Amino acid sequence: MGKFDGVLLASDFDNTLLNTETARRTGAEVPEVSRRNREALEYFMAGGGRFAIATGRALAAFIKFADQVPMNAPGIVCNGAALYDFQKGEYLETILLDESTRRRGQETLDRFPTLAVEAYHIDNVIHAVRPNLYTRQHEHVTHVSVVEKPSLLDVPLPLGKIMYEEDHAVLEEVKAFLQSQPWAGEYEIFFSDRTLLEVTARGATKGGMVARLAERLGISRQHVYCAGDEANDLSMLTWAAEGFAPANCVPAVRACGATIVADADHDTLADIVSRLDKMYA
């Protein structure tokens with residue numbers, strides 16, 4: 001019996017497990033997952049622990065990095081819109097956007113003329129309407145080129161999420177507009193970066209999908225730990241028995257009560273596993 005039997009650790013990818021921010025801002029190459037992080041995760045899993053990725057990325061934007069990440073549990077992708085079994089190569093659960101989202105999304109684009117949007121088809125195609133600088137930066141760090149469409153109405157269903165891209169001040173206006181609509185309660189609306197505003201179906205959150213994963217694995221909430229740096233991680237950080245955040249996290253994450261650990265440049269997951277090692281000694 002391993003010391004981590006019955007323990008689940010779920011971690012965000014960008015700027016938690018791996019620092020991709022520098023590459024996004026400068027155009028530099030995306031670094032590989034560090035040796036210390038990989039070794040720590042392998043140690044955790046060898047002791048019976050279950051490790052899952054919990055990323056805002058669609059599967060298409062993560063799959064090229066998946067072989068760098070030791071994991072032995074299904075992963076959360078698309079900010080909680082889907083649970084994917086990497087061993088079987090199939091989705092286990094999905095919470096998808098409905099038909100009306102395209103129309104509402106296009107009305108939002110029409111209201112904000114500098115706004116770009118990415119739309120994430122569940123079959124791993126990323127479409128974009130009016131791609132801008134932030135779209136191109138995102139393409140660089142995900143290694144996935146978007147398929148351009150003239151309108152969201154031309155984007156095929158089903159969609160896991162849509163993501164608006166612009167300067168933060170504009171996105172704050174967009175968020176306020178979306179939240180003022182009579183249909184706002186049908187969606188989760190949150191930032192995953194200062195220049196990225198995401199929309200998923202109601203209930204499609206990282207925290208909600210981590211809870212479903214834990215239930216599938218037969219792991220109680222008191223032994224679930226999560227790590228993340230951004231506002232889209234708050235739902236899982238606050239649901240877990242303990243949430244961990246790299247020192248580079250945004251103020252909202254720091255304020256939620258997460259335990260602050262080493263930043264993404266200094267082996268965040270290795271620090272977390274070291275702490276769990278003492279906790280389960």
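Here are some worked exercises on the structure above, each with a step-by-step solution.

This is a predicted model, in which local features need pLDDT of at least 70, side-chain atom pairs count only at pLDDT 80 or more, and totals for chains, interfaces and linings use all residues. Residues are numbered from 1 along each chain as its sequence is written, and side-chain values use heavy atoms, with hydrogens and water left out.

**Exercise 1. The whole chain**

Work out how the radius of gyration of the protein chain agrees with that of a compact globule.

*Solution.*
- Start with the rule: the radius is taken over C-alpha atoms, and the globule value is 2.2 Å times the number of residues to the power 0.38.
- With 281 residues, a compact globule would come out near 19 Å; the protein chain has 18 Å, so the two agree.
- Then look at the box: along the principal axes, the C-alpha atoms fill roughly 55 × 35 × 35 Å.
- Now count the elements, where helices (H or I, at least four residues) and strands (E, at least two) are DSSP runs numbered from the N terminus. The protein chain has ten helices and 14 strands.

**Exercise 2. Surface, burial and charge**

Describe what the protein chain exposes and what share of its residues is buried.

*Solution.*
- Fix the classes: buried means under 20% relative accessible area, exposed over 50%, and partly exposed in between (1.4 Å probe, protein chains only). Buried residues make up 59% of the 281 residues.
- Take the area by the Shrake-Rupley method with a 1.4 Å probe; for residues, only the protein chains shown count as cover. The protein chain exposes about 11300 Å², and carbon and sulfur atoms supply 49% of it.
- For contacts (heavy atoms within 4.5 Å), take those between residues at least 6 apart in sequence: 59% of them join residues at least 24 apart.
- For charge, Lys and Arg count as positive and Asp and Glu as negative, while His and the chain ends are not counted. Each charge is placed at NZ of Lys, CZ of Arg, CG of Asp or CD of Glu.
- The protein chain has 28 positive and 40 negative side chains, and the centres of the two sets lie 2 Å apart.

**Exercise 3. Two aspartates**

Find the surroundings of aspartate 14 and of aspartate 85.

*Solution.*
- Aspartate 14 sits in the loop between strand 1 (8-11) and helix 1 (21-26). Its relative accessibility is 17%, so aspartate 14 counts as buried.
- Beyond its neighbours within four places in sequence, aspartate 14 is in contact with Thr20, Thr55, Arg57 and Asp229.
- A polar contact is a pair of N or O atoms within 3.5 Å; within protein, one must be able to donate a hydrogen and the other to accept it, and residues adjacent in sequence count only if both atoms are side-chain atoms. One of 2.7 Å joins the side chains of aspartate 14 and arginine 57.
- Aspartate 85 belongs to strand 4 (residues 82-85) and is buried, with a relative accessible area of 11%.
- With neighbours within four places left aside, aspartate 85 is in contact with Pro74, Glu90 and Leu92. Proline 74 is eleven residues away along the chain, yet its C-alpha atom is 4.4 Å from that of aspartate 85.

**Exercise 4. Backbone geometry**

Which peptide bond is cis, and what is phi of cysteine 78 and of arginine 130?

*Solution.*
- Keep the background in mind: most residues other than glycine have a negative phi, and most peptide bonds are trans.
- A cis peptide bond, with omega about 0°, joins leucine 157 and proline 158. Proline 158 is in the loop between strand 8 (147-148) and strand 9 (159-165).
- Cysteine 78 has a positive phi, near 60°. Cysteine 78 lies in the loop between strand 3 (75-77) and strand 4, and at 4% relative accessibility it counts as buried.
- Arginine 130 also has a positive phi, of about 55°. Its loop runs between strand 7 (126-129) and helix 5 (133-142), and at 31% relative accessibility arginine 130 counts as partly exposed.

**Exercise 5. Serine 100**

Is serine 100 buried or exposed, and which residues does it touch?

*Solution.*
- Locate it: serine 100 is in helix 4 (residues 100-111).
- At 15% relative accessibility, serine 100 counts as buried.
- Not counting residues up to four places away in sequence, serine 100 touches Glu186 and Tyr187.
- The side chains of serine 100 and aspartate 98 are joined by a polar contact of 2.7 Å.
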